[in-house]
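Trainee: I would like to go through some of the labels used for this model and see what each one rests on.
Mentor: Go ahead, and ask for the value behind each label.

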Amino acid sequence: MDFDTIAAVATPLGEGGIAIIRVSGPQAVEAVDKIYKGRNRLSTVDTHTIQYGHLVDNEGDVLEEVMVSVMRAPRTFTKEDVVEINCHGGIVSVKRVLDLVLEQGTRMAEPGEFTKRAFLNGRIDLSQAEAVIDLIRAKTDKAMKVALHQVQGKLSLLIEDLRRQLIQLMAHIEVTIDYPEHDVDDVTRNLLSEKSRWVQEEIEKLLRTAKQGKILREGLSTVIVGRPNVGKSSLLNSLLQEVKAIVTDVPGTTRDIIEEYVNVRGIPLRLVDTAGIRDTEDIVERIGVEKSREMLSKADLVLLVLNHGEELTEEDRNLLQVVQPMNAIIIVNKVDLPQRIDLDNVQKMVGNMPVVMMSIAREEGIERLEEAIASKFFSGSIQSEDLTYVSNARHIQLLREASQVIGEAIEAVEGGLPVDMVAFDIRRTWELLGEVIGDTVSDDLISQIFAQFCLGK
């Protein structure tokens, strides 16, 4: 596939020790060679080598001191000629180098265009390309490992194996239709039933990892709620191990929504500290309370904080009722104070919800809370490192559709319908699995996916 030559800054913008300008395409080496001055011309050096030299402008003046990596096709990420210019990481320096490269007949890359070219040139499939985003955005080591497994093609290999099995089924159906005189219909039906059930079970195995995989990829939206002054902001600060929220004894101190990520035993939590939910005449605080209620309705996990040193109030009881249908953990804070709360009553109201006793001021109970969170979503721990997690919402939806369609094929063949009618469901399952890895996906969807990438990737 023929492309023009593109360039972009591949490192974050801002001041830093170094920055990298990446150039990819058929004229990549030639374009940089025009402005490079070193011991050897870039067009003559061996592939996958690094050269020291300077960049010079059109007047011959030295612009930058650089290290230039030269990588020849096809052994590159894009399977094109790639040149990476390592220069000083100042904002002005990077801009001047990029401008100079663009003046040599290259154009600015679109977001994700390097990875898009890797996909279009067959270097990676679509599921691997999407995993590159997850690798960049990973918030925990576990999330990074899941993404890395997908970048390495573990999911792709599983999907390709399933598609091979479906191709074999379609071939058997064709033989049965084309050569009915051989009387192999019963054999074909048995094979269809057996193999289709196997394919469906393998898809279901992948889907059983979807909930955990999605959590690792996107994080748990975790809302901390409670009436004012029970320790919500203190809990946020304790989990983060830094002061992000103002903590005072004055009710209504937190009026806005504070969001931060925290790693709890490999699980990324997107923590949201909310304004204390209560009736108030303060206009600003009332807006915060309404926002808290909105965030509560969208949460994956709710941490409801109660005060050990006070009796349950009407506000507490209302909140306990609100979180009944939700994934919630009840935190009884301030256990260092004399008990005034009726714990038996709390337990009756929450049923099987975990109740964690804590003194955030004394940093007691954090480990118990972390264990409760891990147990609620991962049965105490994340499964084997070798397990292939499905984490992408697009993949999950396609796998669900594929499982449903192959299920319809099983019902059809066991219900005695003609095998040529079963073939439609088998082929549709094959196509849906192909969409996961990009074999049967539209150009519009490809453009939409790569538009999510950052510039330079």
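**Labels and the values behind them**

Mentor: In this predicted model, helix α3 passes helix α16 in a right-handed crossing.

Trainee: At what angle do α3 and α16 pack, and how far apart are their axes?
Mentor: The angle is about 140°, and the axes lie 9 Å apart. Roughly antiparallel needs an angle over 145 degrees, and oblique covers what falls outside the named ranges, so about 140° counts as oblique.

Trainee: Which residues of α3 and α16 meet?
Mentor: Thr115, Lys116 and Phe119 of α3 meet Ile446, Ser447 and Phe450 of α16. By class, that contact has 3 nonpolar, 2 polar and 1 charged residues.

Trainee: Why are α14 and α15 called roughly antiparallel?
Mentor: Helix α14 (residues 393–414) and helix α15 (residues 419–437) pack at about 165°, with axes 9 Å apart. The cut-off for roughly antiparallel is over 145 degrees, and α14 and α15 are therefore placed in that class.

Trainee: What makes up the contact between α14 and α15?
Mentor: On α14, the residues include Leu398, Leu399, Ala402, Val405, Ile406 and Ala409; on α15, they include Val422, Ile426, Leu432, Leu433 and Val436. By class, the contact has 13 nonpolar, 2 polar and 6 charged residues. Among the charged ones are Arg394 and Glu401 of α14 and Asp425 and Arg428 of α15. The crossing of α14 with α15 is left-handed.

Trainee: How do you know whether the span of α14 fits its number of residues?
Mentor: α14 has 22 residues and reaches 32 Å from its first C-alpha to its last, close to the 32 Å expected at 1.5 Å a residue.

Trainee: What makes the link between Asn392 and Arg394 at the start of α14 a polar contact?
Mentor: A side-chain oxygen of Asn392 comes within 2.7 Å of the backbone nitrogen of Arg394. The limit is 3.5 Å for a pair of N or O atoms, so the pair qualifies. Just after α14, Gly416 has a positive phi of about 85°.

Trainee: Why is the phi of His48 singled out?
Mentor: Most residues other than glycine have a negative phi. His48 has a phi near 55°, a positive value in a residue other than glycine. His48 sits in the loop between β3 (36–38) and β4 (49–56).

Trainee: What value goes with the cis peptide bond between Ala73 and Pro74?
Mentor: Omega is about 5° for that bond. Pro74 is in the loop between β5 (62–71) and β6 (82–89). Most peptide bonds are trans.

How values were computed. Residues numbered from 1 in each chain as written. Predicted model: local features only at pLDDT ≥ 70, side-chain atom pairs only at ≥ 80, totals over all residues. Heavy atoms only, no water. Axes fitted to C-alpha atoms, helices over the stretch in contact; angles between N-to-C directions. Helix = DSSP H or I, 4+ residues; strand = E, 2+ residues; numbered from the N terminus. Parallel < 35°, antiparallel > 145°, perpendicular 65-115°, else oblique. Left-handed = near helix turned anticlockwise from the far one by under 90°. Contact = heavy atoms within 4.5 Å. Expected span 1.5 Å × (residues − 1). Polar contact = N/O pair within 3.5 Å; in protein donor to acceptor, adjacent residues only side chain to side chain.
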